[in-house]
Amino acid sequence: YLVIENVGDTEVVLTSVESADFGAIEIHTMFDDAGTMRMRRVPELRVPAHGKVELKPGGLHLMMFRPQRALSAGDEVMITISGADATLVAKLVVRGN
């Protein structure tokens with residue numbers, strides 16, 4: 001889970017996610033396609049002024065591809081989420097299954 005909060009007066013648009021621990025990270029969303037849940041990549045996250053966006057299972061989330069190391073529950077992964085006007089650095093903790 002990840003909550004991105006914008007305390008500023010203008011919308012923030014985030015377009016890329018990177019981590020040394022993954023070869024690629026994409027922003028995805030879930031949607032209902034005639035009763036079947038599907039996933040699709042979205043090009044950006046828009047965080048409204050004085051608003052927030054929540055990333056969680058079943059909704060907006062990060063798809064992380066090509067892990068660069070073995071990860072176990074409790075490991076920490078640093079990610080950088082950026083756009084033209086903002087850069088965020090977050091520490092994620094790997095959850096167990």
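**Note on the predicted model: H28, the core and the largest pocket**

1. Start with H28. This residue is found in strand 4, which covers residues 22-33. The model is a predicted one.

2. Is H28 buried or exposed? H28 counts as buried because its relative accessible area is 9%, and the cut-off for buried is under 20%.

3. The side chain of H28 has a polar partner. A polar contact of 2.8 Å links it to the side chain of E26.

4. H28 also has contacts further along the sequence. Leaving out residues up to four places away, H28 touches M39, R40, R41 and V42. On the same basis, H28 touches G59, L60, H61 and M63.

5. Now the core. The largest nonpolar core holds 20 residues. Which of them touch the most other members? They are L2, I4, L14 and I79. Strands 1 (2-5), 2 (12-14), 4, 6 (45-47), 7 (52-55), 9 (76-82) and 10 (87-93) each give two or more residues to this core.

6. L14 deserves a look of its own. Neighbours within four places in sequence aside, L14 is in contact with I4, I27, P43, E44, L45 and V47. Its contacts also include I81, S82, G83, A86 and L88.

7. Last, the largest pocket. Its space comes to about 630 Å³. The lining has 19 residues, and Y1, L62, M64, L92 and V93 are the closest to the centre. Strand 4, strand 8 (61-67) and strand 10 each give two or more residues to the lining. Strand 8 gives the most, with four residues.

8. What classes of residue line this pocket? The lining has 15 nonpolar, two polar and two charged residues.

Key. Residues numbered from 1 in each chain as written. Predicted model: local features only at pLDDT ≥ 70, side-chain atom pairs only at ≥ 80, totals over all residues. Heavy atoms only, no water. Buried < 20%, exposed > 50% of the residue type's maximum accessible area, 1.4 Å probe, protein only. Polar contact = N/O pair within 3.5 Å; in protein donor to acceptor, adjacent residues only side chain to side chain. Contact = heavy atoms within 4.5 Å. Core = buried A, V, L, I, M, F, W, Y, C linked by side-chain atoms within 4.5 Å. 1 Å grid on protein atoms, 1.4 Å probe; cavity = no way out; pocket = protein on both sides within 12 Å on 5 of 7 lines; lining within 4 Å. Points joined across faces, edges and corners; volume = space filled by probe spheres on them. Nonpolar A, V, L, I, M, F, W, Y, C, P; charged D, E, K, R; others polar.
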